[in-house]
Amino acid sequence: NAKAFMEATLIYEQQGGMAQTYAQELGRATVIGANIDDTGKDAQEISEYITAIMNGFEMLQEKGGESGMYIMDVLSRLGSVSGSALNEMSEGLQRVSNLARTSGFEFEEISAAIATVSETTRRSASTIGNAFKSILVSFQQIREASDEEQEEFTSKIEKAFKATGMGDISIFDNGELREAKG
C-alpha cells in the first residue's frame with residue numbers, strides 16, 4: 001500500500017546519513033517485512049528491526065539499499081525452516097547484532113543461532129538475545145583476563161550452565177578455551 005510505503009520511506013529519510021540515501025529501498029523492504037510478519041507489527045516497528053540489524057552489522061556500507069531486503073530474505077527463510085517468527089529473530093538480533101559482529105559472527109550465523117534457540121526453547125526473543133550477548137561478553141572477558149580471573153569467570157559460567165540444565169557444556173576443549181566462533 002502506498003501510504004505504508006511513504007511512511008516507511010519517511011522513517012529512513014529522517015534517520016539521515018546512508019539510511020536517507022537508500023530510504024526508498026529500505027521503505028520497500030519495511031513494507032514487505034510488515035506483510036511477512038504475522039504478529040501485526042507496523043512499519044515503524046519493522047523499521048526499528050531493520051535499522052538495528054543494519055547498523056549492528058554495518059550493512060549499509062557493504063550492501064547499500066539492498067540491506068533491508070537482504071535482512072527480510074534471510075529472516076523469512078530462517079522463519080520458514082525453523083518455526084521462529086520474524087519478530088522473534090529481529091528482537092533477538094536487536095540486542096546482540098553489534099557485539100556479534102565485533103566478535104566475528106556474520107549476520108547469517110547469529111540469525112541462524114537465534115532462530116534455532118528460539119525454535120528449540122520457545123524462550124522470549126529478548127531472553128535469547130540477552131543470553132547471546134552475555135555469552136559473547138563473557139568470552140571476551142575471559143580472553144582478556146589473567147589466569148586467576150579466567151578461573152573465576154570459568155567458575156561463574158559453569159555455574160550458570162548447571163543452573164540452566166546445561167552442565168554438560170564446557171567452554172574448554174582439551175584444556176584450551178574454545179573459540180566463540182566454531
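Me: By about how much of a helix are Glu-7 and Lys-3 separated in helix 1?
Reply: In this predicted model, the side chains of Glu-7 and Lys-3 meet in a salt bridge, at 3.6 Å from N to O. Both residues belong to helix 1 (residues 2-15) and are 4 residues apart, so the separation is about one helical turn.

Me: Is Lys-3 buried or exposed?
Reply: Its partner Glu-7 has a relative accessible area of 41% and is partly exposed. Lys-3 has 60% relative accessibility. The cut-off for exposed is over 50%, so Lys-3 counts as exposed.

Me: How many residues apart in sequence are the parts that Glu-58 and Arg-101 tie together?
Reply: The side chains of Glu-58 and Arg-101 meet in a salt bridge, at 3.4 Å from N to O. Glu-58 lies in the loop between helix 4 and helix 5, whereas Arg-101 lies in helix 7, so the parts tied together are apart in sequence by 43 residues.

Me: Which residue meets Lys-63 in a salt bridge?
Reply: Lys-63 is partly exposed at 26% relative accessibility. The residue it pairs with is exposed, with a relative accessible area of 67%. The N to O distance of this salt bridge is 3.6 Å, and the partner of Lys-63 is Glu-62.

Me: Which helix supplies the largest share of the lining of the second largest pocket?
Reply: The second largest pocket holds about 170 Å³ of space. Its lining includes Met-59, Glu-62, Lys-63, Arg-101 and Phe-107. Two helices each supply at least two lining residues, helix 5 (59-63) and helix 8 (107-121). The largest share, 3 residues, comes from helix 5.

Me: How many charged residues are in the lining of the second largest pocket?
Reply: Among the lining residues are Glu-106 and Glu-108, as well as Phe-105 and Gly-104. By class, the lining has 5 nonpolar residues and 1 polar residue, and the number of charged residues is 5.

Me: Which helix gives the largest share of the largest nonpolar core?
Reply: The largest nonpolar core has 33 residues, and those with the most contacts inside it are Ile-71 and Phe-107. Helices that each supply at least two of its residues include helix 3 (23-36), helix 4 (43-56) and helix 7 (86-102). The largest share, 6 residues, comes from helix 7.

Me: Is Ser-47 buried or exposed?
Reply: Ser-47 is found in helix 4. Leaving aside neighbours within four places in sequence, Ser-47 is in contact with Ile-11, Tyr-12 and Thr-30. Its relative accessibility is 1%, and the cut-off for buried is under 20%, so Ser-47 counts as buried.

Definitions and conventions: Residues are numbered from 1 along each chain as its sequence is written. This is a predicted model: local features need pLDDT of at least 70, side-chain atom pairs count only at pLDDT 80 or more; totals for chains, interfaces and linings use all residues. Side-chain values use heavy atoms; hydrogens and water are left out. On a 1 Å grid over the protein atoms alone, a cavity is a set of points where a 1.4 Å probe fits but cannot get out, and a pocket is an open set with protein on both sides within 12 Å along at least five of seven lines; lining residues have an atom within 4 Å of a point. Grid points are joined across faces, edges and corners, and a volume is the space filled by probe spheres set on the points. Ala, Val, Leu, Ile, Met, Phe, Trp, Tyr, Cys and Pro count as nonpolar, Asp, Glu, Lys and Arg as charged, and the others, Gly among them, as polar. A nonpolar core is a set of buried Ala, Val, Leu, Ile, Met, Phe, Trp, Tyr and Cys residues joined through side-chain atoms within 4.5 Å. Buried means under 20% relative accessible area, exposed over 50%, partly exposed in between (1.4 Å probe, protein chains only). Contact means heavy atoms within 4.5 Å. A salt bridge is a side-chain nitrogen of Lys or Arg within 4 Å of a carboxyl oxygen of Asp or Glu.
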